[in-house]
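Could you walk me through this model in the viewer, one selection at a time? I would like to know what to click on and what I will find there.

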Amino acid sequence: MIIKTILSPFKNFAWFKRLNAKVTYELLAKHIPAEDWHFMNYGYAPKPNEAPLQLAEPPTQKYPLQMYHYLASKTSLEGKQILEVGSGRGGGARHLASHFKPASYTGLDLAQHAVDLANKLHKIPHLRFIQGSAEDIPLADNSVDVVINVESCHAYGSVEKFLNEVKRVLKPNGYFLMVDFRYAVDMDTLKNQLKNSGLEMVEEENITAHVIEAIEAEDDVKQDRIRRLIPKKWQKLFAEFAGVVGSKFYRNLKDQTRFYYRYVMKKNS
Ligand SMILES: C[S@@+](CC[C@H](N)C(=O)[O-])C[C@H]1O[C@@H](n2cnc3c(N)ncnc32)[C@H](O)[C@@H]1O
């Protein structure tokens, strides 16, 4: 609580957001290298008109995997060059690279420990994880068909710089698929950033209700994972971070002080 109060005046500075993301995700990957924890998003319960997900083996984190699956279903990945920015522990990259058969899939993340963990856990053809920043993507201009971004850009120092980089690396007619949350008071800022990105808005959906449904459906599994993986003294703090039922994040979605959106954007030729 004291630390939160001391840090709160800095939380909107770009340098603080970058540092906060780097420290948080380096620590998580370094200190909790659990091999059955592959995702760090809040999850998605599909709409009735989205085909139910049939997988040969039931995933350990079904709802976070579905967040990736239904986002990626918005365009074809087959035979394409895919870049994911903010790939975390790599579970989403692994699912999309094996299920949708892209020619290549690169997961980029700021946290070196997350990249090392993902490279260790997910050794499949055409998939690699590299360290780098969303605000300075280490790939050539016009080299990527689809950029995927799952629950990551709220943490960036400059979303505008990130969107410039997305536009630069995308090939003409390439797609940018993104899901993330914002406080209600920050939604207009995000919408303006996307509008001014030079990319065409193809779809914009408020998926808050489907994230709430996922959080509620996954709660027992999530609480159990926290009890197994997290030292007792950190469990309460971690439960907040993980967005369990009753956490601030969950309450904010319920009372509409935060929203969760899905976007499909295109770089026109
Ligand atoms: C909430 S986690 C989501 C991870 C993954 N997308 C998933 O759904 O499991 C956010 C991720 O974004 C990464 N990240 C934060 N800032 C970044 C930046 N500037 N450049 C690249 N990755 C960043 C973090 O290291 C972290 O792995």
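One cut-off will help on the way: a residue counts as buried if 20 or more other C-beta atoms lie within 10 Å of its own, as exposed if 12 or fewer do, and as partly exposed in between. Keep in mind, too, that this is a predicted model.

**The whole protein**

Start with everything shown as a cartoon. You should find 10 helices and 7 strands. The radius of gyration is 18 Å, close to the 18 Å that the globule rule gives for 269 residues, so the protein is as compact as a globular protein of that length. Turn the C-alpha trace along its principal axes, and it spans about 50 × 45 × 40 Å. Buried residues make up 38% of the 269 residues. Among contacts with a separation of 6 or more, 72% join residues 24 or more positions apart.

**The ligand**

Next, select the ligand and the 23 residues around it; Y25, N41, G86, G88 and A134 come nearest. This shell has 13 nonpolar, 7 polar and 3 charged residues. Colour helix 2 (14-31) and strand 2 (104-109) as well, since each supplies at least two residues of the shell.

**The nonpolar cores**

In soluble globular proteins, nonpolar side chains tend to be buried together. Here the largest nonpolar core has 54 residues, and L71, V147 and F176 touch the most other members. Pick F176 and show its contacts: leaving out residues up to four places away in sequence, F176 touches V147, V166, L170, L199 and M265. Apart from this core lies another, of 11 residues, including A21, Y25, A111 and A114. You have already met Y25, one of the residues that come nearest to the ligand.

**I226 in helix 8**

Now move to helix 8 (residues 208-229) and select I226. Is I226 buried, exposed or partly exposed? I226 has 17 C-beta neighbours inside 10 Å, so I226 counts as partly exposed. Not counting residues up to four places away in sequence, I226 touches Q235, F238, A239 and A242. For a sense of distance, draw a line from I226 to V202: the two are 24 residues apart along the chain, and their C-alpha atoms are separated by 38 Å.

**D145 in strand 4**

Strand 4 is the place to look for D145. With 20 C-beta neighbours inside 10 Å, D145 counts as buried because the cut-off for buried is 20 or more. Which residues does D145 contact, leaving aside neighbours within four places in sequence? They are K80, Q81, I82, K171 and G174. Add F129 to the view: F129 and D145 are 16 residues apart in sequence and 17 Å apart in space, C-alpha to C-alpha.

**Two residues with positive phi**

Finish in the loops. K101 lies in the loop between helix 4 (91-99) and strand 2. The phi of K101 is near 55°, a positive value in a residue other than glycine. K101 is partly exposed, with 14 other C-beta atoms within 10 Å.

Then select E151, in the loop between strand 4 (144-150) and helix 6 (159-169). Phi is positive for E151 too, near 50°, and E151 is a residue other than glycine. Is E151 buried or exposed? E151 has 22 C-beta neighbours inside 10 Å, so E151 counts as buried.

Notes: Residues numbered from 1 in each chain as written. Predicted model: local features only at pLDDT ≥ 70, side-chain atom pairs only at ≥ 80, totals over all residues. Near = placed C-beta within 6 Å. Helix = DSSP H or I, 4+ residues; strand = E, 2+ residues; numbered from the N terminus. Nonpolar A, V, L, I, M, F, W, Y, C, P; charged D, E, K, R; others polar. Core = buried A, V, L, I, M, F, W, Y, C linked by C-beta atoms within 7 Å. Contact = placed C-beta atoms within 7 Å. Rg over C-alpha atoms; globule rule 2.2 N^0.38 Å.
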